[in-house]
Amino acid sequence: YRKTWAAPAEWALGNETVIWAGTSIEEGFFVVWSKETRQYYGFSTETGDYLWTTDPQYYLDFHVATETALVYGNLYSCGVSGIVYCYDLETGDRTWFYEAIDPYQEYLWNNNWWAQIIFITDGKLYIGHSEHSVIDPKPRGAPFQCLDATTGELIWRVDGMFRQTHWGGTGVIGDSIFATQDTYDQCVYAVGKGPSEITA
């Protein structure tokens, strides 16, 4: 296909940062992100047609490090705001959101932890805390969380475990074991399922 799309008028005014945010041939969509408006624009990979625009995200997500994933018929997005958003890829409508709240409120510019998608598998999103420029002493309790990819329900959360970094890469998973660095102690951990039964 070869399509011409009349982009929003504010794009023509300049001072607009638009980046390629993600593609899924399997899902049949690609999205671009406008940093200044904090919105996604969805298109079909089959026809090139423009399909939808999301509502703006929280103002802290202006940062270009906002992350996305297109899987399970959804667009997942999170970033500096500490809010994980789920949008329906067919409509662009937000179906749920989750806030990575900092109970200690030690994070300097937000009451949520900067959220980062670590990996997505088996119908679950694994979310960690990211950091661009570390502040010492480090805020306590950076969370590592597991969310239901369909509902956004919190399956588990461990505060102070496996603090991630924007520059150091993210964890990986394979054979039901995930490995990741913890930037609190600079160690690498591998975590798997424990015993499935107890013998007394």
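**A pocket, a sheet and a cavity**

Let's start with the empty space: the largest pocket holds about 340 Å³. Closest to its centre, among the 17 residues that line it, are Y126, I173, S176, I177 and F178. Keep in mind that you're looking at a predicted model.

Which elements give two or more residues to the lining of this largest pocket? They are β10 (124–129), β12 (154–159), β13 (172–174), β14 (177–182) and β15 (187–192). As for the chemistry, the lining residues of the largest pocket split into nine nonpolar, four polar and four charged.

Two of those strands, β10 and β12, turn up again in a sheet. Follow the order β9-β10-β11-β12 and you have an open sheet of four strands, paired antiparallel. At the edges stand β9 (115–121) and β12, and each has a single partner strand, so one side of each is left without a neighbour in the sheet. On average, neighbouring strands here are turned by 15 degrees against each other, if you ignore direction.

Now zoom in on one pair. Five bridges link β11 (residues 143–148) with β12, again in the antiparallel sense. Find C146 and look across to β12: its bridge partner there is W156.

Finally, there's a cavity to find. How many cavities of 30 Å³ or more does the structure hold? Just one, and the largest cavity has about 30 Å³ of space. Around the largest cavity you'll find E106, Y107, L108, W109, E131, I135 and P139. Sorted by class, that lining has five nonpolar and two charged residues, with no polar ones.

Definitions and conventions:
Residues are numbered from 1 along each chain as its sequence is written. This is a predicted model: local features need pLDDT of at least 70, side-chain atom pairs count only at pLDDT 80 or more; totals for chains, interfaces and linings use all residues. Side-chain values use heavy atoms; hydrogens and water are left out. On a 1 Å grid over the protein atoms alone, a cavity is a set of points where a 1.4 Å probe fits but cannot get out, and a pocket is an open set with protein on both sides within 12 Å along at least five of seven lines; lining residues have an atom within 4 Å of a point. Grid points are joined across faces, edges and corners, and a volume is the space filled by probe spheres set on the points. Ala, Val, Leu, Ile, Met, Phe, Trp, Tyr, Cys and Pro count as nonpolar, Asp, Glu, Lys and Arg as charged, and the others, Gly among them, as polar. Two strands pair if DSSP finds at least two bridges between them. Axes are lines fitted to C-alpha atoms, for helices over the stretch in contact, and angles run from 0 to 180 degrees between N-to-C directions.
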